[in-house]
Amino acid sequence: MATIDTAIIRAELPEAFDPRWSRLPGIQVDGRRISIDPAQYFFRFESHSWLVADWELVRSQLLEADETTESAVEQLALDFIKAHAESTSDAARVLVTAYEVYAYLFREEHLAGLGLPRITADHLRMLREAATLMALNKVELNGHISNVGPCWFFPAATSVVFDLEDETGGMLDEVYHGGWFNEHRRIEAIKAHAALGGRLVHGCQSVPDQSGGVVAPYGASMTTFRDDLAQFKAGWIDQVYAHRVTDAA
């Protein structure tokens with residue numbers, strides 16, 4: 001594991017997180033307050049800067065913007081990022097911004113039209129929490145994966161924290177990266193992720209592959225991303241599963 005900064009990350013989020021996140025190394029949850037020790041939490045932590053944009057600006061200027069024959073939704077997001085995103089070394093700001101993004105994307109009003117009756121409002125809360133922590137993962141423009149935490153491996157991490165069976169964790173993973181399985185949700189996700197400076201990309205083809213995902217900058221090399229991911233994923237997935245509680249409290 002490579003680390004460049006061992007300062008504790010502390011953030012206060014809009015809603016309390018499940019205290020069972022503390023099962024993972026290096027993270028402590030006390031209601032809305034989260035503390036992360038990078039040296040213990042991350043498998044790889046080589047960068048402590050992220051690209052973010054103000055969520056309220058995204059809400060007011062981008063979420064209602066419509067694509068045209070000349071400007072696709074991806075171009076709208078890219079132009080917005082160029083105009084409004086800025087680099088920050090404040091990980092707490094990244095987490096708070098990410099929570100706003102995922103509170104919007106995984107809002108309960110979508111449940112009725114999802115077509116997955118087993119997905120509940122509680123599952124959406126799990127998605128919001130896990131996706132918020134995933135925002136600290138990072139891919140560089142050259143495709144190198146610079147930051148990797150346990151939430152990169154979404155089904156593994158959620159099985160540890162929420163005592164989920166593999167099938168349920170995999171189903172949540174599909175909802176997370178599947179754009180809610182339709183174009184309307186995909187467009188929402190592209191716009192909302194502009195607040196985190198990029199687009200959501202995945203190394204996996206389906207749930208069993210469990211290659212995780214990250215909000216990557218537009219233009220990042222997906223070839224290098226894929227090759228880098230292939231080198232590390234298996235061993236680190238096993239390390240996440242090692243923290244699973246056999247007899248759930």
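**View 1. S7 and S8 run antiparallel, joined by two bridges.** We start here, in a predicted model. One place to look is Val139, which sits opposite Ile145 of S8. Between the two strands of this hairpin come five residues, and Gly143 adopts a positive phi near 95°.

**View 2. S8 also pairs with S4.** This pairing is antiparallel too, and it involves two bridges between S4 and strand S8, residues 145-148. Which residue in S8 is the bridge partner of Phe45? That would be Asn147. Have a look at Arg44 as well: across from it in S8 is Val148.

**View 3. Put the strands together and you get an open sheet of three, ordered S4-S8-S7.** The pairing in this sheet is antiparallel. If you're new to sheets, it helps to know that their strands pair through backbone hydrogen bonds, in either a parallel or an antiparallel way. Why is one side of S4 and of S7 left without a neighbour in the sheet? Strand S4 (44-45) and strand S7 (138-139) stand at the edges and have a single partner strand each, so one side of each has no neighbour there. A helix joins the picture here: H10, residues 222-241, packs on the sheet and touches S4, S7 and S8. The direction of H10 makes about 30° with that of S8.

**View 4. Now for the largest nonpolar core, with its 83 residues.** Trp21, Ile36, Tyr102 and Phe153 are the ones with the most contacts inside this core. Which helix gives the core its largest share? Helix H4, residues 91-105, does, with ten residues. Zoom in on Trp21 and, setting aside neighbours within four places in sequence, you'll find contacts with Ile27, Val29, Glu129, Ala130, Leu133, Cys151, Val161 and Phe162.

**View 5. Last stop: Gly197, in the loop between helix H9 (183-192) and strand S9 (199-202).** Is Gly197 buried or exposed? Its relative accessible area is 6%, and anything under 20% is called buried, so Gly197 is buried. What does Gly197 touch, once residues up to four places away in sequence are not counted? The list is Leu51, Ile81 and Pro217. For a sense of distance, try Asp166: Gly197 and Asp166 are 31 residues apart along the chain, and their C-alpha atoms are separated by 31 Å.

Conventions. Residues are numbered from 1 along each chain as its sequence is written. This is a predicted model: local features need pLDDT of at least 70, side-chain atom pairs count only at pLDDT 80 or more; totals for chains, interfaces and linings use all residues. Side-chain values use heavy atoms; hydrogens and water are left out. Helices (H or I, at least four residues) and strands (E, at least two) are DSSP runs, numbered from the N terminus. Buried means under 20% relative accessible area, exposed over 50%, partly exposed in between (1.4 Å probe, protein chains only). Contact means heavy atoms within 4.5 Å. Two strands pair if DSSP finds at least two bridges between them. Axes are lines fitted to C-alpha atoms, for helices over the stretch in contact, and angles run from 0 to 180 degrees between N-to-C directions. A nonpolar core is a set of buried Ala, Val, Leu, Ile, Met, Phe, Trp, Tyr and Cys residues joined through side-chain atoms within 4.5 Å.
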